[in-house]
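Biologist: Could you pick one part of this model and take me through it closely? After that, I'd like to see how it fits with the rest.

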Amino acid sequence: MNVDCKGCAGCCIDWRGVAPSSVSLDHERRGGPVPIDDTYNLVPLSSDEVRRFLRDGFGDVLTPRPFLDPDAESAVTVDGHRLAAIDGRPAFLVGLRKVPKPVGPFGLDPEWLPSCAFLDPETLQCRIHDDERYPDACGTYPGDNLALDAETECERVEGAFGGDRLLDDDPEDAEPLLGVGALGATVFAHPDPEALSGCIERIAAGEPTDADRAEFVAVAAASRPGTLAIDGDRYEAAYERALAADSWAGRAREEWIRRAETGEAADPSLGETVEDDRGAPTTPGWD
């Protein structure tokens with residue numbers, strides 16, 4: 001895809017807080033059930049990608065997304081929420097966590113906005129872009145949206161702030177990750193709804209515990225594509241890895257939250273202190 005990403009990162013940042021009042025932004029809808037959380041533009045990861053992040057110690061940047069589907073006969077109720085389900089098992093995605101960072105997209109003055117754990121706030125580039133961990137969903141965006149005839153974040157930015165971001169509309173070989181064959185590969189199903197009591201309410205409130213996140217992440221890592229089967233041994237190992245994760249991104253998250261909550265000035269150059277000094281890869285900058 002030919003897109004102009006310089007100074008944007010609209011697909012990596014929750015920019016609803018700085019959108020013009022005339023622009024209405026909701027979750028990036030692709031049809032179907034409604035996300036139970038309010039995270040904007042969650043990046044859906046495959047089971048292989050989940051396992052790779054866990055293997056490399058980045059389980060602390062992963063988070064689940066169950067869905068609400070109150071009118072479906074197949075829905076199951078947990079914590080008073082009617083959840084989308086497959087054969088009685090709550091369906092969910094696993095994606096990358098957002099964290100408040102001091103960013104100034106679209107030529108705006110910097111503000112604290114929820115941003116991808118891997119976004120460098122100064123260059124507005126992904127710190128793992130050339131890494132094997134770079135998610136397929138990020139690499140094919142916005143082609144997947146175009147293939148689904150859905151509005152892209154590039155077009156939303158254009159509509160709100162002008163300029164040209166989406167420079168062509170050819171999705172090339174994009175294959176939507178949530179299409180046929182997604183079960184057990186990018187769409188997962190938790191085998192025990194009763195074990196999620198309390199957990200779903202915390203996720204809906206945006207306050208999942210580490211154990212809540214580890215539970216879903218482990219199920220995703222242990223899922224077998226095309227089936228509802230869960231590998232028990234793989235689940236146990238993944239759960240322990242998720243809880244033990246202590247990556248630079250996870251440690252930086254706590255620092256970003258502290259600085260944002262204390263009202264510190266939103267300075268993108270803080271990325272060097274908060275992230276680089278904790279081991280984050282640098283970005284090349286723009287030519």
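Modeller: I'll start with one helix, then step back to the whole chain, and end with a few single residues.

Some ground rules first: this is a predicted model, so to speak, in which local features need pLDDT of at least 70 and side-chain atom pairs count only at pLDDT 80 or more, while totals for chains, interfaces and linings use all residues. Residues are numbered from 1 along each chain as its sequence is written, and side-chain values use heavy atoms, with hydrogens and water left out.

The part I'd pick is helix 6, residues 210-222. Helices here are DSSP runs of H or I with at least four residues, strands are runs of E with at least two, and both are numbered from the N terminus. Helix 6 has 13 residues and reaches 18 Å from its first C-alpha to its last, close to the 18 Å expected at 1.5 Å a residue; that expected span is 1.5 Å times one less than the number of residues.

Now for its surroundings. Buried means under 20% relative accessible area, exposed means over 50%, and partly exposed is in between, with a 1.4 Å probe and protein chains only. By that cut-off 11 of the 13 residues of helix 6 are buried, so the helix is largely enclosed by the rest of the structure. Among the buried ones are Asp212, Arg213 and Glu215, along with Phe216, Val217 and Val219. What covers them includes helix 1 (47-55), helix 5 (199-204) and helix 7 (232-244), plus strand 2 (62-68), strand 6 (89-96) and strand 11 (188-189).

Stepping back, the protein has 9 helices and 11 strands. Its radius of gyration, taken over C-alpha atoms, is 19 Å, close to the 19 Å from the globule rule for 287 residues, so the protein is as compact as a globular protein of that length; the rule is 2.2 Å times the number of residues to the power 0.38. The C-alpha trace spans about 50 × 40 × 35 Å along its principal axes, and 48% of the 287 residues count as buried. A contact means heavy atoms within 4.5 Å. Of the contacts between residues at least 6 apart in sequence, 71% join residues at least 24 apart.

On to single residues. Arg259 is in helix 8 (residues 248-261) and counts as buried at 13% relative accessibility. Leaving out residues up to four places away in sequence, Arg259 touches Trp112, Glu264, Leu270, Thr273 and Val274.

Thr77 is in strand 3 (residues 76-78) and is partly exposed, at 49% relative accessible area. In the loop between strand 3 and strand 4 (81-83) is Asp79, with phi near 55°, a positive value in a residue other than glycine; Asp79 is partly exposed at 28%. Asp87, in the loop between strand 5 (85-86) and strand 6, also has a positive phi, near 55°, and Asp87 counts as exposed at 65%.

Last, the backbone at Pro142: the peptide bond from Tyr141 to Pro142 is cis, with omega near 5°. Pro142 lies in the loop between helix 2 (136-140) and helix 3 (143-147).
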